[in-house]
Amino acid sequence: MRWLFIGSAALFLFLPSSALFHETVEHGHWNELRGLTPNTTHHASHPKKASPPLVIDTFKDSRHNDLGFWHGSGENLSVQHGPGFIRLVPTDPDQNFHTQFDSNVCYSLTPWHNEYLHVIFEGTDQYSISFNQHNDECNPKRSPFPGISDSVQAERYVVHPATETYGEDDDWDDDGEDDDDDEDNIDADAWKKKHKHRKSRGGRRKHPKGKTHDELPNGHRELYIPLSHFNIDFNRVVSVSFHGFYTREAITLHRVEIVPDVPTPSQENNHYRLPGKLPTGRLVLRCSRPNSFAFGIDDGQPQFSQRIMRILDEEDVRVTFFVVGAGLRDRSSNFTEFYKEMLKKGHQVALHSNTHPKMESLRTLREIDDEILQAVQIFKDQLNIQSSYFRPPFGTVGARLRQELARHIPNPYIVNWSVDVEDWLWANTSTPEKQLEAFFRGVDRGGNLAVMHYLNPTTIGYLPEFIRHVKNAGYRIMRIDQCLEDVSAPPL
């Protein structure tokens, strides 16, 4: 897997079996061009907001949405297309489905920024929804593409009809903020119950014209998310995506649009109130300091640690190590002493979970919290440091992980990458030199934040070539906190 993000048949019984098209949708590609020249200096020209909804996707076509641009899946997500719907059957949180606003230019959604994403769907609500931002050049041939994203947890925004009952104490907060009580032991179902009635600041407006909640076909559900809950540059939007699934239950999407209003609270919709925006960690894919480059080095083998240290000393560069807590607990690995030495030499040591699971796939928030808190504690106990930098195992990022990191770590940086050495793919093959090709390709496309491991001697053997290539390209190599111009980072 690399950085891109994501079941039962009984959910579709409202449709006659003859209406289902058992057609597997061909996987499109982010770089599908539509006869346009990439615009690296201007935003695309789009009509100003009118009162009707901006309809993004009603899934009438298996390859293109209502805006005329690509929609499709990634990471081998199983997808089936039918008349006016798309069915996603996830098996992994990295799987994803994107529907694009554009691919070659930056689409501006600023006229709609005060409106709401409206999704009509069936099945599970246990997934993330993201708005994805284009890169700085608005060019799909440059890295990273897409740029950054911001995610919310879908189930917090679902409208629950009156037939769904909750306990008498399930009230909403009048101030629009979440309670300050301890939520460490809240699982996913309890989270939905606790937060379903949160109210955002501001007044309530009438339901959008069209179908009311009562008129939705049997089995259909809907959610509303303020676009203001997505912290991206809405002048540079590239897509909306569904990902970060923490269940294998299917979801069927029927409609994705932006609407000016949300339902008026009523008995029929359990007095629906929008939840407040939860704090989330900042996702990072590239350095911001001009002419900087950073290596983020993940898990390693103890027998290669001294070799890594020697190379970094000889090349006189500083890097960031992302360290799994369990390795520090294993005294036979000697990792604690190794990373203490790295800290003395000026390298950054940052968090990489406790046991390295795909954290967004964990069923409960308690499990996610445990991975975070145990890693934080072992850093304090063994290394006597605190870190606000976290690399998610496998690069898997969804709304729950981002929210829980923000609960436990002040202003966390969630660090993925824009250059992938692809050692996970090539290191143990007959063509390990493809690691060099992958690295050079990533740098040539404009990436400046790398991911690699010291798990294999071939990867370590190529590290001096990686470093020299970057230096020859005119970059200055530094720690990740330095390349992000973090005021708390040590001076260069």
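Colleague: Why does Phe 440 count as partly exposed?
Modeller: In this predicted model, Phe 440 has a relative accessibility of 25%, and because buried requires a value under 20% and exposed a value over 50%, a residue in between is called partly exposed.

Colleague: What makes Phe 439 buried?
Modeller: Phe 439 has a relative accessible area of 0%, and since the cut-off for buried is under 20%, Phe 439 is buried.

Colleague: Why is the pair of Phe 439 and Phe 440 called edge-to-face?
Modeller: Two values have to be considered, because a pair of aromatic rings is described by the distance of the centres and the angle of the planes. The centres of these two rings, Phe 439 and Phe 440, are 6.4 Å apart and their planes stand at 70 degrees; rings pair within 6.5 Å, and planes over 60 degrees apart count as edge-to-face, so both conditions are met. The whole structure holds 23 aromatic pairs, and Phe 439 and Phe 440 also belong to one aromatic cluster, whose members include Phe 293 and Tyr 475.

Colleague: How do you know that the charged end of Lys 358 sits over the ring of Phe 394?
Modeller: The charged end of Lys 358 is 5.6 Å from the centre of the Phe 394 ring, and the distance limit is 6 Å, with a further condition on the direction relative to the ring normal. Arg 400 likewise lies over the face of Tyr 246, at 3.5 Å from the ring centre.

Colleague: Which residues of helix 4 are buried?
Modeller: In helix 4, which runs over residues 335-344, the buried residues are Phe 335, Thr 336, Phe 338, Tyr 339 and Met 342. They cover an arc of only 160 degrees around the axis, so they lie on the same side of helix 4.

Terms used:
Residues are numbered from 1 along each chain as its sequence is written. This is a predicted model: local features need pLDDT of at least 70, side-chain atom pairs count only at pLDDT 80 or more; totals for chains, interfaces and linings use all residues. Side-chain values use heavy atoms; hydrogens and water are left out. Rings of Phe, Tyr and Trp (its six-membered ring) pair if their centres lie within 6.5 Å; planes under 30 degrees apart count as stacked, over 60 as edge-to-face and the rest as tilted. Buried means under 20% relative accessible area, exposed over 50%, partly exposed in between (1.4 Å probe, protein chains only). A charge sits over a ring if NZ of Lys or CZ of Arg is within 6 Å of the ring centre and within 35 degrees of the ring normal. Helices (H or I, at least four residues) and strands (E, at least two) are DSSP runs, numbered from the N terminus. The arc is that of the directions from the helix axis to the C-beta atoms.
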